[in-house]
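The exercises below are meant to be worked with the sequence and the coordinates side by side. Each task is followed by a solution that proceeds step by step.

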Amino acid sequence: MKHKTKLYLKRSILILVLMIVTLAFYHGLVIRHYVFETSKLDSETKLRLVTLADLHSHIYGHQQQDLIDKIKKAKPDIIVMVGDMIDDEAPITGMELLLEGLQGVAPMYYVTGNHEYWSGQIKEIKAFMRNYQVTVLEQEYKVLHVKGNKVILAGLDDVAGFEEESIWEIEAKMAFKELEHEEGYKILLSHRPDLVGVYKELPFDLVIAGHTHGGIIRIPYFSNGFFAANQKLFPDYVGGLYKEEGFNLVVSRGLSAEVIPPRLFNPPEITLIELIGE
């Protein structure tokens, strides 16, 4: 009897370990869903924004079909891309396949990340995006009318495109100064979440960022992420929802597929943001 009990215990532990390892290294695409209610949209209106970040030209499935199918399944009204969709070393093919597959799905908007600048081909990259009917936002905003509602969608180029961060900050504040008294729900796309100090001084209801790759390594219930560029160890803004004074910040964990170091308990994600009118 004791022998059977020990054998059962060993098998249970082995199964548990295998489950934990499987969860830790799972790299299948997930959709992370956030819902915000707002009086700035008509009652019962629902707007769906799919956010893509940090693809780094990676390809999911044959001809990028796995990623394309997931995005279509989310039924977006708008698709936004918050930088590092194109890598500075990998071929552009992954992004080309994605944009071809998303033609006609929903209007697409994009801001740059640091890797696009590091490629040394930022002008060519922006032209490439525009060639696929993607609106490139450069310290500017667009007034959208979606389902009878006014939505202001703004975007900032990444800091890597400026000689100094202070210049980027000045341009950001100048670009959106007039929005302070503008009606409508206001969304800002910007690659880096750690610049939250600047975002606090801008007139937006929602800021969407990426850049962190979800902190690479996560330990559930212990750490939301270990590493993020431009931030300290165990960074403050690494992935998920952050409720700041006057606005919400959503940081996408992104679509990157690191091998070294591997993503642990941190699967690549598509971020779906749903805005519901009160």
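**Exercise 1. Which residue of S4 is the bridge partner of Met 81, and through which helix does the chain cross from S3 to S4?**

Solution. In this predicted model, the bridge partner that Met 81 finds in S4 is Tyr 110. On its way from S3 to S4 the chain passes through H3, and the β-α-β crossover made in this way is right-handed. The pairing itself is parallel and extends over 4 bridges, with strand S3 covering residues 78-82 and strand S4 covering residues 108-111. A further bridge partner in S4 is Tyr 109, which belongs to Val 80.

**Exercise 2. Determine in what sense S2 and S3 pair, and find the residue that stands opposite Val 80.**

Solution. S2 and S3 run parallel and are joined over 4 bridges. The residue opposite Val 80 of S3 is Thr 51. Between these two strands the chain goes through H2, and this β-α-β crossover is again a right-handed one.

**Exercise 3. Sort the residues of S3 by the way they point, and state whether they are buried or exposed.**

Solution. In a regular strand, side chains alternate between the two faces of the sheet. In S3, accordingly, one group consists of Ile 78, Val 80 and Val 82, while Ile 79 and Met 81 point the other way. With the cut-off for burial set under 20% relative accessible area, 5 of the 5 residues of S3 are buried, so the strand is largely enclosed by the rest of the structure.

**Exercise 4. Give the order of the strands in the open sheet that contains S3, identify its edges, and describe the helices that lie on it.**

Solution. The 6 strands follow the order S1-S12-S2-S3-S4-S5, and their pairing is mixed. At the edges stand strand S1 (30-38) and strand S5 (134-136); each has a single partner strand, so one side of each is left without a neighbour in the sheet. From one strand to the next, the twist averages 25 degrees. Turning to the helices, H2 (residues 65-73) lies across S1, S2, S3 and S12, and runs at about 10 degrees to S12. Helix H5 (residues 122-131) touches S3, S4 and S5 as it packs on the sheet, and its direction makes about 145 degrees with that of S5.

**Exercise 5. Which residues of H3 are buried, and what covers them?**

Solution. The buried residues of H3 are Gly 94, Met 95, Leu 97, Leu 98, Leu 99 and Gly 101. Their cover includes the strands S2, S3, S4 and S5, together with the helices H2 and H5. Setting aside residues up to four places away in sequence, Met 95 touches Leu 55, Ser 57, Met 81, Met 85, Ile 86, Phe 128 and Met 129.

**Exercise 6. Find the members of the largest nonpolar core that touch the most other members, and list elements that supply the core.**

Solution. This core has 29 residues, and those touching the most other members are Leu 52, Met 81, Met 95, Leu 98 and Met 129. At least two residues of the core come from each of S2, H2, S3, helix H3 (93-101), S4, H5, S5 and S12. A second core, separate from this one, has 26 residues, among them Leu 195, Val 196, Leu 202 and Phe 204.

**Exercise 7. Classify the ring pair of Phe 128 and Tyr 132 from its geometry.**

Solution. The structure holds 4 aromatic pairs. For the rings of Phe 128 and Tyr 132, the centres are 5.3 Å apart and the planes stand at 65 degrees, so the pair is edge-to-face, the cut-off for that class being over 60 degrees. Both partners are buried: Phe 128 has a relative accessible area of 14%, and Tyr 132 has a relative accessibility of 12%.

**Exercise 8. Describe the open sheet that has S6 and S10 as its edge strands.**

Solution. The order of its 6 strands is S6-S7-S8-S9-S11-S10, and the pairing is mixed. Strand S6 (140-146) and strand S10 (240-244) each pair on one side only. The twist averages 20 degrees from one strand to the next. Within the sheet, S9 (residues 206-209) and S11 (residues 247-251) run parallel and are joined by 4 bridges, and Leu 206 has Asn 248 as its bridge partner in S11.

Conventions
Residues are numbered from 1 along each chain as its sequence is written. This is a predicted model: local features need pLDDT of at least 70, side-chain atom pairs count only at pLDDT 80 or more; totals for chains, interfaces and linings use all residues. Side-chain values use heavy atoms; hydrogens and water are left out. Rings of Phe, Tyr and Trp (its six-membered ring) pair if their centres lie within 6.5 Å; planes under 30 degrees apart count as stacked, over 60 as edge-to-face and the rest as tilted. Buried means under 20% relative accessible area, exposed over 50%, partly exposed in between (1.4 Å probe, protein chains only). Two strands pair if DSSP finds at least two bridges between them. Axes are lines fitted to C-alpha atoms, for helices over the stretch in contact, and angles run from 0 to 180 degrees between N-to-C directions. Contact means heavy atoms within 4.5 Å. A nonpolar core is a set of buried Ala, Val, Leu, Ile, Met, Phe, Trp, Tyr and Cys residues joined through side-chain atoms within 4.5 Å. A crossover is right-handed if, with the strands pointing away from the viewer, the path from the first strand over the helix to the second runs clockwise.
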